[in-house]
Amino acid sequence: MRIEISGTHFPLETLGPGRRLGVWLQGCPLACAGCMSRHTWAPGGGTGSSVRELLDLWRDALDRGAQGLTVSGGEPLEQARALEEFLAGADRLRDEAARARGVRDGPRPDFLVYTGYEQEEWDPPRLRALRHADAVIAGRFRIAEPTGLVWRGSANQRLLPRTALGRERYAPHLGRRSTGRAVEIVVEPGQEPGEAPTAHLLGVPARGELVFYERWLEGNGLRLRGRSWRP
Ligand code: SF4
């Protein structure tokens, strides 16, 4: 099945516990003011991929010791069928990896999904898409409601464990404030000869930090890709 993505990254350490595979889906109609990912809004503005290709990435991440999978966007529930298929396949692969290691009851990688849709807006297709999500961070980003809660961009966003694994892994973080590094900087070489390398930010920066990062990167000869929180 086709799936439109904005990007992937491993290891991601700022959106969920441990070293994770990050997958950002393309397309979001919610248009939150202050969104730092405006480049993910246009439904056709990403990279065409397939669920099979993403599962290959997940298999590779498991081989490299991934402790979790985070799906963000964009709005993942705009591609509910593809997300359902991806998480179902990812669930099978984590079971296979556990059997291969002979650790049926050992630590399992968890699945965390970000969505701007509130729980009350999850219709049957969206609920099916989240069937294998161990935890969900739900709610629009509201720029007027800053928060220090770990992995959340605004105070209204709720961290919702949905499985036994999710409850076990996320219970310590429900009210925890962010203390460590909240943002990772990923640098990519320029596309053309002589073009400056670009950087993008992964994570949930505190209010005002984006401008700080932008200046710091420019001071180090790096261009922030897209500056995508600007209209
Ligand atoms: S913050 Fe999330 S839900 Fe809101 S517009 Fe940006 S990508 Fe969409």
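**Two domains and a helix pair in a predicted model**

Helices α1 and α2 are roughly parallel to each other, because the angle between them falls under the 35 degrees that this description requires. I begin with that pair; please keep in mind throughout that this is a predicted model.

Helix α1 covers residues 51-63 and helix α2 covers residues 80-101. The two pack at an angle of about 30°, and their axes lie 10 Å apart. Their crossing is right-handed.

Which residues of the two helices meet? From α1 come Val-51, Leu-54, Leu-55, Trp-58, Arg-59 and Leu-62. Facing them, α2 contributes Ala-82, Glu-85, Phe-86, Gly-89, Ala-90, Leu-93, Arg-94 and Ala-97. By character, the residues of this contact comprise ten nonpolar, one polar and three charged.

Let me turn now to the arrangement of the whole chain. The domain assignment gives domain 1 as residues 2-173 and domain 2 as residues 183-224. Taken over C-alpha atoms, the centres of domain 1 and domain 2 are separated by 23 Å. In the contact, 18 residues belong to domain 1 and ten residues to domain 2.

How much area do domain 1 and domain 2 bury between them? The value is about 950 Å², with 66% of it on carbon and sulfur atoms. On the side of domain 1, three residues deserve to be named: His-9, Thr-14 and Met-36. Together they supply 51% of the area that domain 1 buries against domain 2, which is more than any other three residues supply.

I close with some details of the backbone. Strand β1, residues 2-12, holds Pro-11. The peptide bond that joins Phe-10 to Pro-11 is cis, with omega at about -5°.

Another cis peptide bond runs from Gly-73 to Gly-74, where omega is near 5°. Gly-74 sits in the loop between β4, residues 68-72, and α2, the helix whose packing with α1 I described at the start.

Finally, what is the sign of phi at Ala-31? Phi of Ala-31 is positive, near 50°, in a residue other than glycine. Ala-31 belongs to the loop between β2, residues 20-25, and β3, residues 47-50.

Methods:
Residues numbered from 1 in each chain as written. Predicted model: local features only at pLDDT ≥ 70, side-chain atom pairs only at ≥ 80, totals over all residues. Heavy atoms only, no water. Axes fitted to C-alpha atoms, helices over the stretch in contact; angles between N-to-C directions. Helix = DSSP H or I, 4+ residues; strand = E, 2+ residues; numbered from the N terminus. Parallel < 35°, antiparallel > 145°, perpendicular 65-115°, else oblique. Left-handed = near helix turned anticlockwise from the far one by under 90°. Contact = heavy atoms within 4.5 Å. Nonpolar A, V, L, I, M, F, W, Y, C, P; charged D, E, K, R; others polar. Domains from an automatic or database assignment. Buried area = accessible area lost by both parts, 1.4 Å probe.
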